[in-house]
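Please open the model in a viewer and keep a selection panel at hand. The tour below proceeds by selections, each followed by what is to be found there.

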Amino acid sequence: MEQKLQEQWNGFRELVAKIGSYHEAVNLMYWDLRTGAPRKGSSTRAETIGLLSTEAFKLETSDEMGTYLQLFAQEENLAQLEDLDRRLLENVQKSYDQNRKIPEKEFKDYTVLTSKSETQWEEAKDSGDFESFEPYLTEIVGTLRKFVGYWGVKDTPYDTLLDMYEPDMTVERLDDVFDRLKKRLVPLAEAIAASEIVAHLPFLDATYPKEGQEAFSHFILKEMGYDFEAGRLDEAVHPFATGLNPGDVRITTHYHENDVLSAAFSSLHEGGHALYEQNIDPKLTGTPLAQGTSMGIHESQSRFWENMIGRSLPFWERYFGELQKQFPDQLTGVTPEKFHFAANRVENSLIRIEADELTYNLHIIIRYEIEKMLFNENLDVKKLPEVWNSKYESYLGITPPNHSEGVLQDVHWSGGAFGYFASYSLGNMYAAQMMRTMRKEMPNLDELIAQGNLLPIKEWLTEKVYVFGSAKKPSEIIFDVTGEELNPDYLADYLEQKYTSLYNLKL
Ligand code: ZN
């Protein structure tokens, strides 16, 4: 690079690093708020968070940033950048465009609207009163329809929203993928519902003191290769993982004494998110590339560990004994096979976050179809409950008795996160597709798991996924790892295989 340009580049990198520092400070404060910060300090803390976030936003959308981006966009300058630098530039440009294209006043109004709407949603969810929440949601959807116009309509308005969470994902692609998935999963769920297998699982009703669950979570995280020198495990109301930088990736879980499965699987899940961020190339630290490349790929890593590994029989052949050591009385007479069944039983339920691995995807497809109707067909928000209930009836054969367990169950829409839900199912599909490749390359995978030798799994994922952070796009990751584009058949194959054997089905 020419020296003059190099100086400009260094200035750009410093600006990017400064923004990163603000974000790290804010993320740490959020972690603190959610893991036991003193209540009396929380309103002052919220102001501090607001102030620091605004500073970061100002830098991200500053004229200084605009000047750098313009300079490096010139062809003769761009030609002097290395691949990785171009990726960084692309990434920064995208958030710059996203934020700069919205008039400041409208952006502020929208922030106020969503924060009010979240509070309103909480009340509405408690009482099941959709009408009280509907005006807020109508305004959010209206604002987002307008914002999509500012950002630029891709193939369809909803494509613009999808791209925010899963770069380059399109409605055309997802329509195809979800249709194929639906055709195989709906009959599978029906076959299971009609199956006569009813397991007797009284151990699920026992009490499991927190200490034993905590010890097991720590143990299992170490087994996966989670680095406690670069992270920590705490308790929070809702489990989450937060990557401050690759050397500090924290996770939380929640121990329910009446549910032995919950914390074990949420530790595996959040541990999967954390392994991703802990193993990003240190070269990327201090840039926005030092994080997962999309919500979908991130979710694929948590679900890979939680479901593909954690809900497999070999896993419990090795680790059930460890859990039994913590709870010898509660788990007397239970076998690894029985525990494995308990962790995989299917129940058509109304609530997404309580759904099993199979029906979970149907919950997501319903939300995807509704969001698409809202943005591409201008569906009236008032009609949401009706559309919601009829889709639950047709895909899952159940109708919510009230809106709390129906259209009001998720927080996402109240914060304006339209386009987000698809990531969860994308995660399942990516994970199953990666698993298929891993099995080909590691024919003894089940043996390794049954021996408790999980490190080769972590190393494989590090080399193919983790290390790149956001330096590769999601479509590049899945293609480079598996040699083909996203293909929903692998998830359907995996689920059919698992459940035909567990439920003794003939498909
Ligand atoms: Zn997750």
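Across the interface of domain 1 and domain 2 of this predicted model, seven residue pairs are in polar contact, with both residues at pLDDT 80 or more. To display the two partners, select residues 3-133 as domain 1, and 171-210 together with 273-502 as domain 2, following the domain assignment of the protein chain. Their C-alpha centres are 29 Å apart. The contact draws on 22 residues of domain 1 and 25 residues of domain 2.

Next, show the charged pairs. Two salt bridges are counted between domain 1 and domain 2. Select Arg87 and Glu476: these residues form a salt bridge, and their closest N and O atoms are 2.8 Å apart.

Now colour the helices on the domain 1 side. At least two residues of the side that touches domain 2 come from each of α1 (3-34), α5 (83-100), α6 (104-127) and α7 (130-151). Select α6 in particular, as this helix gives the most to that side, with nine residues. Colouring the residues of the domain 1 side by character gives 10 nonpolar, five polar and seven charged.

Finally, turn to the buried surface. About 1,800 Å² is buried between domain 1 and domain 2, and carbon and sulfur atoms give 65% of this area. Which residues of domain 1 lose the most area to domain 2? Select Arg87, Trp121 and Phe130, which together account for 36% of what the domain 1 side buries. Arg87 thus appears at two stops of the tour, in the salt bridge with Glu476 and among the residues of domain 1 that lose the most area to domain 2.

How values were computed. Residues numbered from 1 in each chain as written. Predicted model: local features only at pLDDT ≥ 70, side-chain atom pairs only at ≥ 80, totals over all residues. Heavy atoms only, no water. Domains from an automatic or database assignment. Contact = heavy atoms within 4.5 Å. Buried area = accessible area lost by both parts, 1.4 Å probe. Salt bridge = Lys/Arg side-chain N within 4 Å of Asp/Glu carboxyl O. Polar contact = N/O pair within 3.5 Å; in protein donor to acceptor, adjacent residues only side chain to side chain. Helix = DSSP H or I, 4+ residues; strand = E, 2+ residues; numbered from the N terminus. Nonpolar A, V, L, I, M, F, W, Y, C, P; charged D, E, K, R; others polar.
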